Amino acid sequence: LLLLVVLLQFAFLTCGGEAERDFNLEFHSVQEQQPHENSSWVVFASLSLPLATTAAETNTFLTKVVVDVAVPISPLNMFGPASPGWYLCLITSSGRTFLRSVIAWGVIRSEFSAFHELFDEDTHMWWQGTMWHVLSGDTVQFSVEKRDDGNGYDMMFLRTQEPLQNVSNTITSDLLNGEELAQVAVVMDHSPATCSELPQNQVEFTFREVSVNNTPVNLTSSSWNTHRNIDCCDANATIHKNGSVIQFYWNKSSAADTC
């Protein structure tokens with residue numbers, strides 16, 4: 001039976017054509033888990049988006065974000081208690097609802113997973129899509145795009161290596177409390193107990209597109225502000241290639257080996 005399940009899953013992952021709709025959006029209460037705590041953000045970089053330039057532009061919002069993430073090498077200590085993660089975080093204009101496209105280590109088992117999440121800070125509820133196993137050396141592309149009918153956003157996950165994975169979640173406007181997405185951040189979250197529980201190389205986000213009101217934003221190094229929230233393993237973020245690449249790095253053999 002287990003072999004049959006594995007074979008069926010492999011057949012599903014290798015299907016081409018239209019993206020599979022991931023309807024397995026689980027609903028959780030905050031009592032079960034705290035998916036968003038600013039205090040757990042180790043390092044993050046926030047993007048300064050252009051403001052409205054004319055009187056007619058009373059509402060400036062994101063219409064499309066596309067980013068590639070290189071999956072790093074597994075940690076030397078593969079069985080640490082923490083689940084360090086790195087994610088694209090899109091935030092509503094009120095700053096109360098968060099869409100996250102995540103690469104994380106050790107959420108369920110000792111491997112990297114890619115998945116989507118939504119967290120509502122007012123109701124303390126969150127939704128999580130199916131977790132997909134990804135391998136060191138993979139390139140994962142996340143995209144979030146305003147729907148043609150204006151009702152929310154489509155979140156896409158594409159694994160570009162074999163076996164191909166192409167999954168989407170639809171986040172309707174009611175789940176965003178009728179708001180638009182207006183802020184962009186990339187985040188390193190959940191500090192480990194020791195530095196050896198972090199991957200053996202950096203995590204890199206390469207932005208392919210950021211569009212506001214259907215107009216691409218010209219990213220520059222000065223577009224980003226980096227913030228170090230927790231002093232852990234000398235972790236930090238740097239901006240490269242005129243603002244299109246964000247690298248998270250750390251010292252896995254830091255003298256201060258605990259966080």
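F207 sits among many neighbours in this predicted model. Leaving aside residues up to four places away in sequence, F207 touches V65, V66, V67, L88, V184, V186, L219, W224, S244 and I246. F207 also belongs to the largest nonpolar core, which has 52 residues. Within that core, F205, F207 and F248 touch the most other members. Strand β14 (residues 203-212) supplies the largest share, five residues. Another core lies apart from it, with 13 residues, including F44, C89, V102 and F115. In soluble globular proteins, nonpolar side chains tend to be buried together.

Charged pairs come next. The model has eleven salt bridges. Three of them are listed here.

| Pair | Closest N to O distance |
|---|---|
| E121 and R96 | 3.0 Å |
| K146 and E180 | 2.7 Å |
| R147 and D149 | 3.4 Å |

E121 lies in the loop between β7 (112-120) and β8 (125-128), and R96 in the loop between β5 (85-92) and β6 (97-105), so their bridge ties together parts 25 residues apart in sequence. R96 is partly exposed, at 31% relative accessible area. R96, E121 and D122 are linked in a network of salt bridges.

The K146 and E180 pair links distant parts of the chain, 34 residues apart. K146 is in strand β10 (residues 139-146). E180 is in the loop between β12 (165-171) and β13 (181-189). Are these two residues buried or exposed? K146 counts as buried because its relative accessibility is 15%, under the 20% cut-off. E180 is buried too, at 17%.

In the remaining tabulated pair, R147 is partly exposed, with a relative accessible area of 23%. D149 counts as exposed, at 53% relative accessibility.

Notes: Residues are numbered from 1 along each chain as its sequence is written. This is a predicted model: local features need pLDDT of at least 70, side-chain atom pairs count only at pLDDT 80 or more; totals for chains, interfaces and linings use all residues. Side-chain values use heavy atoms; hydrogens and water are left out. A nonpolar core is a set of buried Ala, Val, Leu, Ile, Met, Phe, Trp, Tyr and Cys residues joined through side-chain atoms within 4.5 Å. Buried means under 20% relative accessible area, exposed over 50%, partly exposed in between (1.4 Å probe, protein chains only). Helices (H or I, at least four residues) and strands (E, at least two) are DSSP runs, numbered from the N terminus. Contact means heavy atoms within 4.5 Å. A salt bridge is a side-chain nitrogen of Lys or Arg within 4 Å of a carboxyl oxygen of Asp or Glu.
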